[in-house]
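Trainee: I am new to this structure and should like to be guided through it by questions. May we begin once the sequence and the model are in view?

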Amino acid sequence: MRQYLTLQDNWYFTKQEQAAVPTALPTDWEAVSIPHTWNALDGQDGGNDYHRAPCWYVKELNIPQVPENTCVYLQFEAASAYCEVYVNGKKAVSHEGGYSRFRAEISALLTEKNNILAVMVDNKHHDNIYPQMADFTFYGGIYREVKLVFVPKTHLCMDYYGSEALTVASEIVGDHQARVTLHGYVSGAEALDQLLFAIYDAEGELIAEVSRPAEADTHAELLLSDLHLWHGVKDPYLYTVKAMLMRHNEVLDEVTVRHGFRSFHVDPQRGFFLNGELTPLRGVSRHQDHLMLGNALTKEQHAEDARLIREVGANTIRLAHYQHSQDFYDLCDEMGFIIWAEIPFISRMNVAPEAHQNCIEQMKELIYQNFNHSSICVWGISNEITIGGSTPQLVENLKELNALVKELDPTRLSVMAQLSSLPKDDEQNQITDIVSYNHYFGWYVGTLEDNEKWLDSFHEMHPTRALGISEYGCEGIVTYHEDEPKAGDYSEEYQALYHEHMAKIIDERPWLWATHIWNMFDFGCDARNEGGVAGRNNKGLMTLDRKVKKDVFYLYQAYWTTEPMVHICSKRYAKRSNEMIDVKIYTNAPAVSLYVDGVFAGKKSGDRVVVFEGIKLKDGFTTITAKVEGCTDTTAFEKVAEPFVPYHFVEDKSEVGVTNWFDDVDLNQEREMTFKSGFYSVQDTTKELLKNKEAADILVNALSSLIGMKLKKSMLAVMGENRLCDSAEAFPSNAADTQKALAYINEKLQQIPKE
């Protein structure tokens with residue numbers, strides 16, 4: 001039988017470059033435990049200067065006596081982003097991609113004692129590894145579990161894309177009846193070996209069993225009746241399926257997975273259906289990092305995230321923008337979330353064939369490793385990929401990825417998350433089974449009302465295409481507060497107004513197959529500096545440390561939950577200089593009663609949002625209580641003489657671009673594209689241009705004007721190693737106009753000497 005040994009403690013780590021592969025235990029290095037990232041702090045503190053380079057881990061392998069005819073594997077749940085593994089100085093495996101499981105058989109590399117495991121992990125930019133560019137920190141490290149796995153020479157296969165060697169697929173063919181297809185993949189099977197498939201219900205009772213002669217691909221089919229269906233968050237019922245590899249009267253090896261029997265489909269005019277029941281998918285996106293931990297999360301922290309997402313009432317999660325931990329996928333199966341799982345083909349395509357091959361490999365790993373998670377209903381092939389420009393090659397690559405998804409898993413749907421500026425009639429919208437868009441109308445660009453205008457226009461233009469919203473949100477920093485909130489002030493009050501609008505228009509459009517808030521939690525993005533908070537994206541419903549639920553968390557509880565809830569908004573706007581204030585309350589109850597210093601002040605009905613206007617504050621503290629049947633919330637506001645200045649964010653206008661930079665420029669004037677040595681040009685990277693204030697001003701003003709949206713220098717920092725000239729095709733104008741604009745930008749940059 002296979003056995004596992006987790007390699008958690010007694011690792012040694014260094015950032016120092018090594019002249020040779022370590023073959024002895026370097027006790028003068030830093031002692032660490034796995035999971036570990038070296039960017040837990042510098043990946044969240046701003047400046048876009050977090051450590052990105054090859055680093056080393058070394059550990060002595062204290063391996064118990066290995067029985068004869070046993071294979072020993074190393075299993076890494078993930079290491080970001082490029083990894084080389086050595087045992088006793090000899091290379092065992094290398095892996096390209098920072099988010100998926102990989103293995104190596106090391107039996108032949110082991111000695112009887114003093115085995116040294118050395119692992120090089122490198123998170124610097126690689127042209128052939130995705131992601132190439134994105135708006136989040138690319139944490140480096142062995143940030144998920146590492147295990148030794150001991151299996152007999154004949155075993156359920158360990159050598160195929162890190163997969164489980166057992167797949168379970170089912171098709172609902174009648175009332176609580178399903179046809180089940182089972183595949184078990186065996187390495188080294190002998191003539192009399194058998195593979196026994198057994199299916200158990202949630203109570204552990206055996207409901208079906210079938211035995212087959214063991215082969216490389218051992219296949220069986222069953223028709224099961226009287227099944228208890230997996231019905232999302234309402235009833236996430238799971239069966240257990242075992243594959244037992246038998247020789248004579250002995251079980252050599254065993255793999256166990258869980259399976260939920262369910263059917264689903266999407267109707268472009270009505271929305272998402274689960275087991276024949278209309279189930280509008282309303283939920284959140286999630287990144288896998290935490291304050292001062294980076295992405296090196298424990299099982300307990302993954303469980304906390306899942307619990308909080310369930311608490312807000314979501315029934316779907318978009319797991320962005322890469323393969324997440326198996327621990328979290330397991331939790332999603334158990335809690336009933338409908339999952340969108342995707343690869344990090346994001347923001348920018350690299351034209352190198354090796355990069356496209358890496359994209360294919362990461363998609364194979366995603367599907368093979370996660371095929372048995374019944375919570376996953378859609379595979380995502382890309383996210384905002386046209387930020388880096390749209391080309392015929394990109395379209396062909398997307399088509400190839402979609403075809404691969406349909407070949408590997410015809411039981412699920414394919415999807416892509418489009419950049420808001422991608423035209424509605426672009427051919428990319430016809431590639432995948434369904435489509436979603438990332439929209440930030442009312443935050444980065446346009447007005448709140450542009451959201452419903454765009455959605456309704458697309459729905460009318462493409463009545464046979466199922467449409468969703470893959471991202472929407474705005475920054476909310478809980479220390480900023482405004483009586484008259486507006487876009488760009490980072491206040492908790494504007495974040496509330498934004499989501500009140502979005503929640504309402506989404507609720508009115510059940511045909512949106514899924515909507516995903518960006519984001520459930522604030523997350524690390526070392527390039528950003530938003531609202532005076534460096535190193536993170538602040539669009540979460542909760543803070544990065546999971547300590548504070550912003551007001552909008554409770555807004556969605558009011559929309560998505562049925563347990564009685566009531567929440568008084570703007571509690572952190574505690575000092576008030578006005579004699580009279582409006583008290584806003586979120587609730588899922590039909591009416592709410594308000595008490596001021598214990599005295600009944602009125603009862604009002606409303607639809608999730610209830611506002612009591614003109615509540616008078618006395619000098620000092622006034623206690624406000626909101627009551628609904630079965631639930632109460634209380635806070636206090638302090639009356640002060642003058643407005644509390646720290647509540648108001650004052651933006652440095654020099655960090656924000658203008659949208660009229662070309663207005664007084666004749667772009668039709670002939671300009672020769674020169675590249676004088678020692679001067680800046682469009683051939684420089686964004687990172688280089690941002691280091692010089694004058695060049696940075698040109699960059700932010702030019703791009704803001706080309707895109708028609710006021711960008712900030714910190715937002716451009718995510719473009720990092722991308723040259724300005726290589727990003728030109730992303731601009732929403734024709735190629736000729738773009739080249740004219742680039743020539744003028746280059747002319748201005750060529751006037752700035754490099755220091």
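Mentor: Before the strands are discussed, one definition is required: two strands pair if DSSP finds at least two bridges between them. Please keep in mind as well that this is a predicted model.

Trainee: With that definition, how many bridges join β17 and β18, and in which sense do the strands pair?
Mentor: Strand β17 covers residues 239-247 and strand β18 covers residues 250-259. Threonine 240 stands opposite arginine 258 in β18. The sense of the pairing is antiparallel, and the number of bridges is nine.

Trainee: Which residue in the turn between β17 and β18 has a positive phi?
Mentor: The two strands form a hairpin, with two residues between them. One residue in the turn has a positive phi of about 55 degrees, and that residue is histidine 248.

Trainee: In what order do the three strands of the open sheet stand?
Mentor: The pairing in this sheet is antiparallel. β32 (566-568) and β37 (609-616) each have a single partner strand, so one side of each is left without a neighbour in the sheet. Neighbouring strands of the sheet are turned by 25 degrees against each other on average, direction ignored. The order is β32-β34-β37.

Trainee: Which residue of β34 stands opposite valine 566?
Mentor: β32 and β34 (residues 580-587) run antiparallel and are joined by three bridges. Across from valine 566, in β34, stands threonine 587.

Trainee: Which strands of the sheet does helix α7 touch?
Mentor: Helix α6 (residues 492-507) packs on this sheet, where it touches β34 and β37, and its direction makes about 45 degrees with that of β34. Helix α7 (residues 551-560) also packs on the sheet, and its direction makes about 50 degrees with that of β34. The strands touched by α7 are β32, β34 and β37.

Trainee: How far apart are the end C-alpha atoms of α6, and what span should its residues give?
Mentor: Helix α6 has 16 residues, of which 13 are buried, so the helix is largely enclosed by the rest of the structure. At 1.5 Å a residue, α6 should span 22 Å. This agrees with the separation of its end C-alpha atoms, which is 22 Å.

Trainee: Is serine 570 buried or exposed?
Mentor: Serine 570 lies in the loop between β32 and β33 (575-576). Its phi is near 60 degrees, a positive value in a residue other than glycine. Buried means under 20% relative accessible area. The relative accessible area of serine 570 is 11%, so serine 570 is buried.

Trainee: Is asparagine 114 buried or exposed?
Mentor: Asparagine 114 is found in the loop between β8 (102-105) and β9, and its phi is a positive value near 55 degrees. The threshold for exposed is over 50% relative accessible area. Asparagine 114 has 53%, so asparagine 114 is exposed.

Trainee: What is the omega of the cis peptide bond that joins alanine 320 and histidine 321?
Mentor: Most peptide bonds are trans. A cis bond also runs from tyrosine 130 to proline 131, with omega near 5 degrees, and proline 131 lies in the loop between β9 (115-122) and β10 (146-152). Histidine 321 has its place in the loop between β23 (316-319) and α2 (326-335). For the bond from alanine 320 to histidine 321, omega is about -20 degrees.

Trainee: What kind of aromatic pair do tryptophan 443 and tyrosine 490 form?
Mentor: The pair links distant parts of the chain, 47 residues apart. Tryptophan 443 counts as buried at 10% relative accessibility, and tyrosine 490 counts as buried at 1%. The ring centres are 5.5 Å apart, with 85 degrees between the planes, and the pair is edge-to-face.

Trainee: Which residues do ring pairs link into a cluster with Trp443 and Tyr490?
Mentor: The structure holds 35 aromatic pairs. Ring pairs link Trp443 and Tyr490 into a cluster with Tyr440, Tyr444, Tyr480, Tyr494 and Phe649.

Trainee: Which arginine lies over the face of phenylalanine 521?
Mentor: Arginine 412 lies over the face of phenylalanine 371, at 5.5 Å from the ring centre. Over the face of phenylalanine 521, at 3.9 Å from the ring centre, lies arginine 546.

Definitions and conventions: Residues numbered from 1 in each chain as written. Predicted model: local features only at pLDDT ≥ 70, side-chain atom pairs only at ≥ 80, totals over all residues. Heavy atoms only, no water. Helix = DSSP H or I, 4+ residues; strand = E, 2+ residues; numbered from the N terminus. Axes fitted to C-alpha atoms, helices over the stretch in contact; angles between N-to-C directions. Contact = heavy atoms within 4.5 Å. Buried < 20%, exposed > 50% of the residue type's maximum accessible area, 1.4 Å probe, protein only. Phe/Tyr/Trp six-rings, centres within 6.5 Å; stacked < 30°, edge-to-face > 60°. Lys NZ or Arg CZ within 6 Å of the ring centre and 35° of its normal. Expected span 1.5 Å × (residues − 1).
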